[in-house]
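Okay, everyone, let's have a look at the ligand site and then at a pocket. Here it comes on the screen.

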Amino acid sequence: MSASLTSELAGRIAVVTGASSGIGEQVAQALARRGAAVALLARREDRLTAICADIEARGERAVPFSVDVTDSAAVDDVARRVRETLGPAGIVVNNAGIMLPTPLGDPEPKDWADQTALNVGAVNYTVLAFGGQLVEAAAAHGVADLVNIASIAGKTLFPGYSAYAASKSYVIHLGRSLRAELGPKQVRVTTVEPGIVDTELQSHIPSEESRERLAGTRTRIEWLTPEDVADAVTYTVCLPPRVNLAEIAILPTRQPA
Ligand code: NDP
(Lines give C-alpha, C1' and ligand atoms only; values in the text may rest on other atoms or scores of the structure.)
Protein backbone atom coordinates (compact mmCIF):
# COMPACT_ATOMS: atom_id res chain seq x y z
CA MET A 1 0.00 0.00 0.00
CA SER A 2 1.23 3.49 -0.86
CA ALA A 3 2.44 5.62 2.01
CA SER A 4 -0.14 8.24 1.00
CA LEU A 5 -2.99 5.88 1.90
CA THR A 6 -4.30 5.83 5.43
CA SER A 7 -3.61 2.41 6.84
CA GLU A 8 -7.03 1.52 8.06
CA LEU A 9 -10.72 2.32 8.39
CA ALA A 10 -10.99 1.90 12.16
CA GLY A 11 -13.81 4.00 13.55
CA ARG A 12 -15.64 4.24 10.23
CA ILE A 13 -19.08 2.71 9.69
CA ALA A 14 -19.73 1.23 6.24
CA VAL A 15 -22.99 0.23 4.55
CA VAL A 16 -22.92 -2.07 1.53
CA THR A 17 -26.06 -2.85 -0.48
CA GLY A 18 -26.17 -6.11 -2.41
CA ALA A 19 -23.71 -7.59 0.08
CA SER A 20 -24.95 -11.19 -0.12
CA SER A 21 -22.89 -12.11 -3.20
CA GLY A 22 -20.43 -10.96 -5.84
CA ILE A 23 -18.92 -7.50 -5.67
CA GLY A 24 -20.89 -6.39 -2.60
CA GLU A 25 -19.84 -9.41 -0.57
CA GLN A 26 -16.17 -8.83 -1.39
CA VAL A 27 -16.42 -5.09 -0.70
CA ALA A 28 -17.94 -5.84 2.72
CA GLN A 29 -15.18 -8.34 3.46
CA ALA A 30 -12.44 -5.95 2.34
CA LEU A 31 -13.74 -2.94 4.30
CA ALA A 32 -14.12 -5.07 7.43
CA ARG A 33 -10.53 -6.32 7.03
CA ARG A 34 -9.38 -2.68 7.04
CA GLY A 35 -11.22 -2.08 10.32
CA ALA A 36 -14.59 -0.61 9.29
CA ALA A 37 -17.73 -1.81 11.06
CA VAL A 38 -19.90 -2.99 8.17
CA ALA A 39 -23.67 -3.19 7.71
CA LEU A 40 -24.53 -5.73 5.01
CA LEU A 41 -27.83 -5.20 3.13
CA ALA A 42 -29.55 -7.64 0.76
CA ARG A 43 -32.64 -9.87 0.70
CA ARG A 44 -31.05 -13.31 1.37
CA GLU A 45 -30.83 -13.34 5.13
CA ASP A 46 -29.08 -16.74 5.32
CA ARG A 47 -26.23 -15.53 3.13
CA LEU A 48 -25.85 -12.26 5.00
CA THR A 49 -25.78 -14.10 8.33
CA ALA A 50 -23.10 -16.51 7.10
CA ILE A 51 -20.91 -13.71 5.69
CA CYS A 52 -21.23 -11.68 8.91
CA ALA A 53 -20.34 -14.74 10.98
CA ASP A 54 -17.24 -15.22 8.83
CA ILE A 55 -16.22 -11.57 9.33
CA GLU A 56 -16.91 -11.60 13.06
CA ALA A 57 -14.91 -14.83 13.44
CA ARG A 58 -11.86 -12.78 12.40
CA GLY A 59 -12.59 -10.35 15.24
CA GLU A 60 -14.08 -7.72 12.93
CA ARG A 61 -17.54 -6.13 13.07
CA ALA A 62 -20.40 -6.92 10.65
CA VAL A 63 -24.18 -6.76 11.04
CA PRO A 64 -26.73 -8.23 8.60
CA PHE A 65 -29.82 -6.25 7.55
CA SER A 66 -32.21 -8.22 5.40
CA VAL A 67 -34.06 -5.74 3.19
CA ASP A 68 -35.48 -5.27 -0.28
CA VAL A 69 -33.83 -1.99 -1.27
CA THR A 70 -36.56 -1.22 -3.84
CA ASP A 71 -38.84 -0.53 -0.84
CA SER A 72 -38.03 3.05 0.16
CA ALA A 73 -39.71 2.82 3.58
CA ALA A 74 -37.75 -0.36 4.35
CA VAL A 75 -34.47 1.35 3.37
CA ASP A 76 -35.33 4.31 5.64
CA ASP A 77 -36.01 1.85 8.46
CA VAL A 78 -32.66 0.09 7.94
CA ALA A 79 -30.87 3.46 7.90
CA ARG A 80 -32.40 4.24 11.28
CA ARG A 81 -31.39 0.80 12.64
CA VAL A 82 -27.84 1.09 11.27
CA ARG A 83 -27.46 4.40 13.07
CA GLU A 84 -28.80 2.94 16.32
CA THR A 85 -26.66 -0.22 16.09
CA LEU A 86 -23.36 1.05 14.68
CA GLY A 87 -23.55 4.86 14.41
CA PRO A 88 -23.81 7.23 11.43
CA ALA A 89 -22.66 5.64 8.17
CA GLY A 90 -19.47 7.18 6.85
CA ILE A 91 -19.04 4.87 3.83
CA VAL A 92 -22.06 3.92 1.73
CA VAL A 93 -21.52 1.53 -1.18
CA ASN A 94 -24.56 1.60 -3.44
CA ASN A 95 -24.00 -1.72 -5.18
CA ALA A 96 -27.20 -3.81 -5.49
CA GLY A 97 -28.11 -4.25 -9.14
CA ILE A 98 -29.36 -6.58 -11.85
CA MET A 99 -28.59 -6.90 -15.54
CA LEU A 100 -31.26 -8.27 -17.87
CA PRO A 101 -31.40 -8.11 -21.66
CA THR A 102 -34.25 -6.00 -23.07
CA PRO A 103 -34.14 -6.39 -26.86
CA LEU A 104 -36.88 -4.48 -28.64
CA GLY A 105 -39.21 -6.84 -30.48
CA ASP A 106 -38.91 -9.31 -27.63
CA PRO A 107 -40.66 -7.16 -25.04
CA GLU A 108 -40.39 -8.06 -21.39
CA PRO A 109 -41.82 -4.93 -19.74
CA LYS A 110 -41.15 -6.45 -16.31
CA ASP A 111 -37.41 -6.64 -17.03
CA TRP A 112 -37.36 -2.93 -17.93
CA ALA A 113 -39.32 -2.09 -14.77
CA ASP A 114 -37.26 -4.33 -12.48
CA GLN A 115 -33.97 -2.82 -13.64
CA THR A 116 -35.30 0.70 -13.22
CA ALA A 117 -36.65 -0.13 -9.75
CA LEU A 118 -33.35 -1.56 -8.50
CA ASN A 119 -30.58 0.09 -10.52
CA VAL A 120 -32.14 3.56 -10.35
CA GLY A 121 -34.87 3.57 -7.68
CA ALA A 122 -32.94 1.77 -4.96
CA VAL A 123 -29.84 3.85 -5.64
CA ASN A 124 -31.96 6.96 -5.02
CA TYR A 125 -33.55 5.52 -1.87
CA THR A 126 -30.14 4.61 -0.46
CA VAL A 127 -28.74 8.09 -1.13
CA LEU A 128 -31.81 9.68 0.44
CA ALA A 129 -31.80 7.39 3.48
CA PHE A 130 -28.08 7.67 4.24
CA GLY A 131 -27.17 11.12 2.85
CA GLY A 132 -27.66 12.86 6.19
CA GLN A 133 -25.55 10.25 7.98
CA LEU A 134 -22.72 10.75 5.47
CA VAL A 135 -22.67 14.49 6.10
CA GLU A 136 -22.73 13.86 9.85
CA ALA A 137 -19.90 11.30 9.63
CA ALA A 138 -17.82 13.64 7.45
CA ALA A 139 -18.12 16.37 10.09
CA ALA A 140 -17.06 13.92 12.80
CA HIS A 141 -14.23 12.09 10.96
CA GLY A 142 -13.04 14.67 8.41
CA VAL A 143 -14.28 12.67 5.41
CA ALA A 144 -17.08 10.34 4.28
CA ASP A 145 -17.61 8.33 1.09
CA LEU A 146 -20.53 7.57 -1.19
CA VAL A 147 -19.46 4.90 -3.69
CA ASN A 148 -21.91 4.05 -6.47
CA ILE A 149 -21.33 0.91 -8.53
CA ALA A 150 -22.33 1.74 -12.11
CA SER A 151 -20.97 -0.14 -15.14
CA ILE A 152 -18.92 0.57 -18.22
CA ALA A 153 -22.24 -0.19 -19.97
CA GLY A 154 -23.35 3.26 -18.83
CA LYS A 155 -20.74 4.82 -21.13
CA THR A 156 -20.59 2.50 -24.12
CA LEU A 157 -23.13 1.02 -26.51
CA PHE A 158 -24.58 -2.25 -25.26
CA PRO A 159 -27.12 -3.41 -27.89
CA GLY A 160 -29.95 -5.49 -26.46
CA TYR A 161 -29.33 -4.15 -22.95
CA SER A 162 -30.71 -0.61 -23.34
CA ALA A 163 -32.57 -0.52 -20.02
CA TYR A 164 -29.50 -1.73 -18.13
CA ALA A 165 -27.11 0.63 -19.92
CA ALA A 166 -29.42 3.60 -19.38
CA SER A 167 -29.85 2.77 -15.70
CA LYS A 168 -26.07 2.80 -15.29
CA SER A 169 -25.76 6.11 -17.20
CA TYR A 170 -28.15 7.48 -14.61
CA VAL A 171 -25.87 6.30 -11.81
CA ILE A 172 -22.82 7.87 -13.48
CA HIS A 173 -24.46 11.27 -13.91
CA LEU A 174 -26.06 11.16 -10.47
CA GLY A 175 -22.59 10.64 -9.02
CA ARG A 176 -21.16 13.63 -10.90
CA SER A 177 -23.96 15.89 -9.70
CA LEU A 178 -23.87 14.64 -6.12
CA ARG A 179 -20.11 15.10 -5.98
CA ALA A 180 -20.50 18.78 -6.81
CA GLU A 181 -23.09 19.08 -4.04
CA LEU A 182 -21.44 16.96 -1.36
CA GLY A 183 -17.76 17.72 -1.93
CA PRO A 184 -17.99 21.05 -0.07
CA LYS A 185 -19.33 19.04 2.87
CA GLN A 186 -16.27 16.77 2.73
CA VAL A 187 -18.28 13.82 1.40
CA ARG A 188 -16.43 12.21 -1.52
CA VAL A 189 -18.50 10.66 -4.28
CA THR A 190 -16.95 7.90 -6.38
CA THR A 191 -18.50 6.11 -9.33
CA VAL A 192 -17.09 2.68 -10.15
CA GLU A 193 -17.61 1.46 -13.72
CA PRO A 194 -16.64 -2.20 -14.00
CA GLY A 195 -16.37 -4.22 -17.16
CA ILE A 196 -17.35 -7.86 -16.95
CA VAL A 197 -16.93 -9.44 -13.52
CA ASP A 198 -17.35 -13.10 -12.59
CA THR A 199 -20.39 -13.05 -10.25
CA GLU A 200 -23.97 -14.32 -10.06
CA LEU A 201 -25.11 -11.36 -12.17
CA GLN A 202 -25.05 -13.20 -15.49
CA SER A 203 -26.87 -16.24 -14.07
CA HIS A 204 -30.06 -14.19 -13.56
CA ILE A 205 -30.46 -13.66 -17.31
CA PRO A 206 -33.50 -15.76 -18.31
CA SER A 207 -32.45 -16.44 -21.92
CA GLU A 208 -29.98 -19.31 -22.24
CA GLU A 209 -28.81 -17.90 -25.56
CA SER A 210 -27.95 -14.54 -23.96
CA ARG A 211 -26.18 -16.26 -21.07
CA GLU A 212 -24.15 -18.36 -23.49
CA ARG A 213 -23.22 -15.33 -25.60
CA LEU A 214 -21.78 -13.64 -22.53
CA ALA A 215 -20.09 -16.83 -21.35
CA GLY A 216 -18.50 -17.15 -24.80
CA THR A 217 -16.45 -14.00 -24.13
CA ARG A 218 -14.43 -16.04 -21.63
CA THR A 219 -12.58 -17.65 -24.53
CA ARG A 220 -10.90 -14.29 -25.34
CA ILE A 221 -11.26 -12.27 -22.11
CA GLU A 222 -10.17 -13.16 -18.59
CA TRP A 223 -13.05 -11.71 -16.54
CA LEU A 224 -12.43 -9.58 -13.46
CA THR A 225 -13.00 -11.12 -10.05
CA PRO A 226 -15.23 -9.38 -7.49
CA GLU A 227 -12.11 -9.01 -5.34
CA ASP A 228 -10.56 -6.86 -8.10
CA VAL A 229 -13.44 -4.40 -7.80
CA ALA A 230 -13.38 -4.56 -4.00
CA ASP A 231 -9.69 -3.60 -4.09
CA ALA A 232 -10.55 -0.49 -6.13
CA VAL A 233 -13.30 0.50 -3.69
CA THR A 234 -11.02 -0.04 -0.71
CA TYR A 235 -8.27 2.00 -2.36
CA THR A 236 -10.51 5.00 -2.92
CA VAL A 237 -12.00 5.12 0.59
CA CYS A 238 -8.51 4.82 2.12
CA LEU A 239 -7.14 7.86 0.26
CA PRO A 240 -6.33 10.99 2.26
CA PRO A 241 -9.41 13.19 2.86
CA ARG A 242 -8.25 15.76 0.27
CA VAL A 243 -8.33 13.19 -2.56
CA ASN A 244 -11.54 12.14 -4.32
CA LEU A 245 -11.10 9.55 -7.04
CA ALA A 246 -14.32 10.55 -8.79
CA GLU A 247 -14.68 7.85 -11.47
CA ILE A 248 -13.01 4.47 -11.73
CA ALA A 249 -13.38 2.48 -14.96
CA ILE A 250 -12.06 -0.99 -14.11
CA LEU A 251 -11.97 -3.38 -17.05
CA PRO A 252 -10.58 -6.77 -17.92
CA THR A 253 -7.35 -6.08 -19.79
CA ARG A 254 -8.67 -7.71 -22.97
CA GLN A 255 -12.17 -6.11 -22.84
CA PRO A 256 -12.11 -3.25 -25.39
CA ALA A 257 -14.97 -1.23 -23.79
P1 NDP B 1 -24.64 -10.28 -7.94
O2 NDP B 1 -25.86 -10.81 -8.60
O3 NDP B 1 -23.63 -11.25 -7.41
O4 NDP B 1 -25.03 -9.31 -6.74
C5 NDP B 1 -26.20 -8.54 -6.73
C6 NDP B 1 -26.54 -8.20 -5.30
O7 NDP B 1 -27.69 -7.36 -5.27
C8 NDP B 1 -26.87 -9.43 -4.48
O9 NDP B 1 -26.27 -9.30 -3.20
C10 NDP B 1 -28.38 -9.38 -4.34
O11 NDP B 1 -28.76 -9.96 -3.10
C12 NDP B 1 -28.60 -7.86 -4.31
N13 NDP B 1 -29.97 -7.52 -4.65
C14 NDP B 1 -30.64 -7.80 -5.79
N15 NDP B 1 -31.90 -7.34 -5.71
C16 NDP B 1 -32.03 -6.76 -4.49
C17 NDP B 1 -33.09 -6.12 -3.82
N18 NDP B 1 -34.29 -5.94 -4.40
N19 NDP B 1 -32.88 -5.67 -2.55
C20 NDP B 1 -31.68 -5.84 -1.95
N21 NDP B 1 -30.62 -6.41 -2.56
C22 NDP B 1 -30.79 -6.87 -3.81
O23 NDP B 1 -23.98 -9.30 -9.00
P24 NDP B 1 -22.69 -8.36 -8.99
O25 NDP B 1 -21.93 -8.49 -7.74
O26 NDP B 1 -22.01 -8.56 -10.27
O27 NDP B 1 -23.41 -6.93 -9.08
C28 NDP B 1 -23.15 -5.87 -8.19
C29 NDP B 1 -23.23 -4.57 -8.97
O30 NDP B 1 -22.16 -4.52 -9.91
C31 NDP B 1 -24.51 -4.35 -9.75
O32 NDP B 1 -24.96 -3.04 -9.59
C33 NDP B 1 -24.08 -4.60 -11.19
O34 NDP B 1 -24.88 -3.91 -12.11
C35 NDP B 1 -22.67 -4.07 -11.16
N36 NDP B 1 -21.81 -4.55 -12.23
C37 NDP B 1 -21.56 -5.89 -12.39
C38 NDP B 1 -20.81 -6.33 -13.45
C39 NDP B 1 -20.56 -7.79 -13.71
O40 NDP B 1 -20.09 -8.12 -14.83
N41 NDP B 1 -20.82 -8.68 -12.77
C42 NDP B 1 -20.22 -5.38 -14.41
C43 NDP B 1 -20.52 -4.01 -14.13
C44 NDP B 1 -21.28 -3.62 -13.08
P45 NDP B 1 -30.14 -10.69 -2.77
O46 NDP B 1 -30.53 -11.50 -3.97
O47 NDP B 1 -29.80 -11.50 -1.57
O48 NDP B 1 -31.11 -9.58 -2.45
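**Around the ligand**

So, start at Ser20: an N or O atom in its side chain sits 2.8 Å from an oxygen atom of the ligand. That's a polar contact, meaning a pair of N or O atoms within 3.5 Å. Before I go on: this is a predicted model, where local features need pLDDT of at least 70 and side-chain atom pairs count only at pLDDT 80 or more, while totals for chains, interfaces and linings use all residues. Residues are numbered from 1 along each chain as its sequence is written, and side-chain values use heavy atoms, with hydrogens and water left out.

Back to the ligand. A polar backbone atom of Asn95 is 2.8 Å from a ligand oxygen, and Lys168 brings a polar side-chain atom to 2.9 Å from an oxygen of the ligand. How much of the ligand does the protein cover? It's 95% of the 880 Å² of accessible area that the ligand has on its own, by the Shrake-Rupley method with a 1.4 Å probe.

The shell has 31 residues, each with a heavy atom within 4 Å of the ligand. Among the closest are Arg43 and Tyr164. Two helices, α1 (22–33) and α5 (162–182), each supply at least two shell residues; helices here are DSSP runs of H or I, at least four residues, numbered from the N terminus. The shell splits into 14 nonpolar, 12 polar and 5 charged residues, with Gly counted as polar and Tyr as nonpolar.

Notes. A polar contact is a pair of N or O atoms within 3.5 Å; within protein, one must be able to donate a hydrogen and the other to accept it, and residues adjacent in sequence count only if both atoms are side-chain atoms.
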